[in-house]
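Got your viewer open? Load the model below and we'll walk through it one selection at a time.

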Amino acid sequence: MTRILGIETSCDETAAAVVEDGRTILSNAIASQVDLHAQYGGVFPEMASRAHVEAIVPIVEQALRDAHVGWDDLHAIAVTYGPGLPGSLLVGLNFAKGAALGRGLPLVPVNHLEGHLYAHWLHVADEDEEITLDFPLLALIVSGGHTELILMRDHGQYTYLGGTLDDAAGEAFDKVARMLELGYPGGPIIEEKARQGNPRAFELPRAWLPGTHDFSFSGLKTAVLRTLERHNGPRPPRFYTDMAASFQAAVVEVLAEKTARAAHEHAVNAVLLSGGVSANRSLRAATRARVAVRVHSLPLILCTDNAAMIAAAGTQHYHAGVRASWDLDIDPGLRLA
Ligand code: KG4
Ligand code: ZN
């Protein structure tokens, strides 16, 4: 049995978790900074790193307490070292180095995106124990910072198929919510509003970028802005629900359709939906409607940033003999083929 402590501080969540065998979540502690950043309508990097400094020790202590384990019961510490906000990553990485050195534990470096992939190997209480994911797999990672299609041929073997050329999908949700003065984070609010709106009320552009697996959401964002400008003055509540529904439909249609095309092209056995935006029910439904193979989605806590997924990816690396050196630095780049 392998028991690993995962640490994640790449963005606005300070998280620590204990996971057994890369599969069983013993604890999954998260201190979210959403309330702190809500006033800015997005993550404020300098405030994020300060909040991580305050939260990291209590969150790790909580993760150990919740898991009913001590430092001596751990086999390694896995930590996110990139990509993410440099000031935020440094807090987790330096804490993990200090703890690993002090406790005599190996330190295992994890790429944040790999964490989002390995969240799918974690056991979820209400899910059939027997689920197995056979390679090749296609992952759509959609969050506030990422929109990526990644082909996974085996453990540790990734091919970057495409990604956003401008805004991440979650960023587009957040920015449009801000334009509509709906609040932050925008994704869940827009999804809720969209339920009462007409997705065909406004004609909004879809960037198909033919011949690529890339995405672009800046044109869509500008189109929402132009429509708002045309409808200035007092707007009925219907305007907001219709705009939310039309915007969501435009994002979801492109994400689902391009994921389906990539899944077909690479003959994958399953599609994995990861990241905060994958909590969106409309995206899940649209992807399932278009993809012939199984579409695996996650409970909300495992969609958004968490440390259980970092421990899960770390377990894979641990068994492959991957160890960080003590001078490991943050790596904001993508270490993908
Ligand atoms: O994975 P995550 O917690 O953080 C990042 O790594 O960025 O994702 C947060 C993003 C935010 O942009 C938020 O608006 C979006 O995920 N989000 C959603 C939904 N829930 C969260 N977007 C669309 N629909 C949702 N239900
Ligand atoms: Zn993330």
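Which helix gives the most residues to the shell around ligand 1? Select H6: it leads with 4 residues. (Helices are DSSP runs of H or I, at least four residues, numbered from the N terminus.)

A quick word before you click on: this is a predicted model, where local features need pLDDT of at least 70, side-chain atom pairs count only at pLDDT 80 or more, and totals for chains, interfaces and linings use all residues. Residues are numbered from 1 along each chain as its sequence is written, chains are lettered from A and ligands numbered from 1 in the order written, and side-chain values use heavy atoms, with hydrogens and water left out.

Next, show everything with a heavy atom within 4 Å of ligand 1. You should get 19 residues, with Gly 144, Asp 174, Gly 187, Glu 191 and Asn 280 coming nearest. Colour them by type: 6 are nonpolar, 10 polar (Gly counts here) and 3 charged (Asp, Glu, Lys or Arg).

Now zoom in on the polar contacts (N or O pairs within 3.5 Å). Backbone N or O atoms of Gly 144 and Gly 187 lie 2.8 Å and 2.9 Å, respectively, from an oxygen atom of ligand 1. On Glu 191, pick the side chain: one of its N or O atoms is 2.7 Å from a ligand nitrogen.

Finally, zoom out and colour by domain, with bounds from an automatic or database assignment. Domain 1 (3–131 + 302–319) and domain 2 (137–298) each supply at least three shell residues.

Methods:
Polar contact = N/O pair within 3.5 Å; in protein donor to acceptor, adjacent residues only side chain to side chain. Helix = DSSP H or I, 4+ residues; strand = E, 2+ residues; numbered from the N terminus.
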